[in-house]
Amino acid sequence: MTTLLSLQTARLTLVTPSTATAAAAHAYFLRNQRYLAPWSPPAPPNIDTLAFWQDYALKARDALTQGHLVRFWMFRNDEPSTMIGSFGFSQIFRGPFCSATLGYQIDEAAQGQGLMFEALDAGIEYMFGEQALHRIAANYLPHNVRSARLLTRLGFRIEGYAENYLFIDGAWRDHVLTALINPRLTAPD
Ligand SMILES: CC(C)(COP(=O)(O)OP(=O)(O)OC[C@H]1O[C@@H](n2cnc3c(N)ncnc32)[C@H](O)[C@@H]1OP(=O)(O)O)[C@@H](O)C(=O)NCCC(=O)NCCS
């Protein structure tokens, strides 16, 4: 697989992480650290340094090459040097499962404009089309109303409820489990 992917939408450029965009990711993190904390797992050491994000970009590139992770960083076409969000398809399994788990976040100031929907719509199309996945799972805290609305708009269906599912914001938290199925993939590639 390639080491750098890029997708275009009407308002956005979506690129897989590289050291060239690590400074933008670092600035995005510093701007949004407090806003994202209630939705986030424990932060790794040094996450507030540029060196962390350069190293993160290299690891994400390797994971992309190995087929474990497809992460995209989001940039507005009319403001191309400022990163405004991130989403990733992790835990990619092939064979009879053909599945991944989706996570996403957008800059606090960029919420409420349909930009996350626009980005995920393109990302999912890529994962179902080019990557030939059959299933994408996405799970959210029961009180994360914005996330629930976004997934519903994208066509995700609720599959269940998991107690003490993920360690988020300092405690094990229940999650609503959802998934989207690719009707075009009739058998694993
Ligand atoms: C969850 C999250 C990504 C949702 O972001 P969002 O901006 O609300 O999502 P969307 O891109 O779907 O935008 C929808 C909003 O844009 C509005 N909108 C404006 N223009 C629009 C357009 N052209 N198209 C679609 N929606 C548009 C919609 O009406 C909706 O507004 P509303 O929430 O006031 O009803 C964001 O809240 C976030 O990053 N939260 C913190 C991290 C997090 O929770 N991650 C998920 C963990 S499971």
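**Notebook: two helix pairs and a ligand shell**

I began with helices α3 and α4, whose axes lie 10 Å apart and which pack at an angle of about 45°. The axes are lines fitted to C-alpha atoms, for helices over the stretch in contact, with angles running from 0 to 180 degrees between N-to-C directions. Helices (H or I, at least four residues) and strands (E, at least two) are DSSP runs numbered from the N terminus.

I noted that this is a predicted model, where local features need pLDDT of at least 70, side-chain atom pairs count only at pLDDT 80 or more, and totals for chains, interfaces and linings use all residues. Residues are numbered from 1 along each chain as its sequence is written, and side-chain values use heavy atoms, leaving out hydrogens and water.

I then looked up how to describe the pair: α3 and α4 are oblique to each other (under 35 degrees is roughly parallel, over 145 roughly antiparallel, 65 to 115 roughly perpendicular, and the rest oblique).

Next came α1 and α2 (residues 50-66), which pack at about 125° with axes 8 Å apart. I wrote down α1 and α2 as oblique too.

On to the ligand. I found 22 residues around it (each with a heavy atom within 4 Å), and the closest are Tyr104, Gln111, Asn144, Arg146 and Arg153. Which element gives the largest share of this shell? It is α4, with five residues. I also listed α1 (22-36), β5 (99-106), α3 (115-129) and β6 (135-140) among the elements that each supply at least two.

Last, I checked polar contacts (pairs of N or O atoms within 3.5 Å). A ligand nitrogen is 2.8 Å from a polar backbone atom of Tyr104. One ligand oxygen is 3.0 Å from a polar backbone atom of Gly114, and a ligand oxygen is 2.8 Å from a side-chain N or O atom of Arg149.

Notes. A polar contact is a pair of N or O atoms within 3.5 Å; within protein, one must be able to donate a hydrogen and the other to accept it, and residues adjacent in sequence count only if both atoms are side-chain atoms.
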